[in-house]
Structures are given as C-alpha cells and as structure tokens.
Amino acid sequence: MGRREHSGNGYDRTVTAAATRAIELVRRAGVAHHVHAYETPERHARDRDRRPNYGPDAAIALGVDPARVFKTLVATVDGRVVLAVVPVDRELDLKRLAAACSARRATLADPAGAERATGQVIGGISPLGSRRPLPVVVDASAGEHATVFVSAGRRGLQLELAPGDLVRLSSAHSAPIARDHGPG
C-alpha cells in the first residue's frame, strides 16, 4: 500500500514504490543506480517558511552527507524555465545561475509555477524525466562525489547515481551555481 502525497495545486494521490519517469529514464539508459525510499514529513505548504525542508529531511532519513543530496530548483532565466541542481546544504546563487546560462537575470519560480513546468510536486521535483525537456544546470560540486542523490520524481524517493550520468541523462551542463559556504 502507498502513502498520500499532496500537491499545492490541489490534488492528492497515493504514492507507491512504482517507477517514476526519472527511474524509467535511468533504467532504459542502463545506468548503475539505486532507488532509496524514506518517510517524508506529513505537513505540506506553499509558504516557504511553513514548507518542510525536503532535502535536509531526505539526507537525515537516509543517513547521507547533505553535500551529496541535491535539490532541484525551478528558476526563470531571462524568461525561460531552467532547472538548477544544488546541494541541499547550500543555496542557489541566482547571479551565478544567470551567468552559467549566459543570461542577465534569474529568479526562482513560485511553487505553483514550478509544479506546472515540471509536472512534479514541490519536494519531489527531479532533474530527470520532466514532463517537457527543460535546460538543467548542475552545481559543479556534484563532481566531487562518486555518487549523488536527486529526487526520483516523488517525495520520499531518491535516486542515487554517478554525477556524470546525472549530467548526461539530463542533458545538463555543470557550473558553480551554489553560494559559497560562509565562515564557520
């Protein structure tokens, strides 16, 4: 039996361990990977201050260094939608993202816009298997790890794979788009 998943767009659905578009993409490509399921927080909200911290929660639930768990953020870069993939323990630097896309300005999409663009719910947006092809930029720090974790397209489901496979399968390019760690 599955568990309930709620979208800010007003629909609920039962989530099972069945394959997502991201998992199917990785399987069809014959890429070495692992799928990790974990329990997610029950609360869901659109307001950023009330939303769970899906990425850090995933790292804790899986017992993995947060630097290896990457979140997928939806941004608008000079009017086009771009997926930015950064470690969950860091923030996206919008100026760096714009520069990586040879653009002037980048802004984060609102939750409803992010869900519409990807066909996935906040906390479950994957850089792989979007409803329509979207440009993807993966933070350069992914290359520091043998494997990284990204959402498999559902809350509570992470996909572990080599960073090179992530970049190749998402047709991404890699650039330093996360903010530098501050002092301490």
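**Exercise 1. Find which residue stands opposite Val 85 in strand 7, then follow that residue further.**

Step 1. Look across from Val 85 and you land on Val 138 in strand 7. This is a predicted model, where local features need pLDDT of at least 70, side-chain atom pairs count only at pLDDT 80 or more, and totals for chains, interfaces and linings use all residues. Residues are numbered from 1 along each chain as its sequence is written, and side-chain values use heavy atoms, with hydrogens and water left out.

Step 2. Strands here are DSSP runs of E, at least two residues, and helices are runs of H or I, at least four residues, numbered from the N terminus. Strand 5 pairs with strand 7 in the parallel sense, over three bridges; pairing takes at least two bridges found by DSSP.

Step 3. Now try strand 10 (residues 173–175), which also pairs with strand 7 in the parallel sense over three bridges. There, Ser 174 is the bridge partner of Val 138.

Step 4. Check the side chains of strand 7: Val 136 and Val 138 point one way, Val 137 and Asp 139 the other, and all are buried. Buried means under 20% relative accessible area (1.4 Å probe, protein chains only).

**Exercise 2. Work out which nonpolar cores Val 138 and Val 137 belong to.**

Step 1. A nonpolar core is a set of buried Ala, Val, Leu, Ile, Met, Phe, Trp, Tyr and Cys residues joined through side-chain atoms within 4.5 Å.

Step 2. The largest one has 26 residues, and Val 138 is among those touching the most other members, as are Leu 128 and Leu 159. Strand 5, strand 7 and strand 9 are among the elements giving it two or more residues.

Step 3. Val 137 goes elsewhere: a second, separate core of 15 residues includes it, along with Leu 92, Ala 103 and Ala 106.

**Exercise 3. Which residues of helix 2 are buried, and what do they pack against?**

Step 1. Helix 2 spans residues 54–62, and its buried residues are Tyr 54, Gly 55, Ala 58 and Ala 59. They sit on the same side of helix 2 because they cover an arc of only 135 degrees around the axis (taken from the directions from the helix axis to the C-beta atoms).

Step 2. Those buried residues pack against strand 9 (157–161).

Step 3. Pick Gln 158, which lies in strand 9. Gln 158 is buried, at a relative accessible area of 6%. Leaving aside neighbours within four places in sequence, its contacts (heavy atoms within 4.5 Å) include Ala 58, Leu 62 and Val 150.

Step 4. Finish at Gly 63, which follows helix 2 and has a positive phi, near 65 degrees.

Terms used
Buried means under 20% relative accessible area, exposed over 50%, partly exposed in between (1.4 Å probe, protein chains only).
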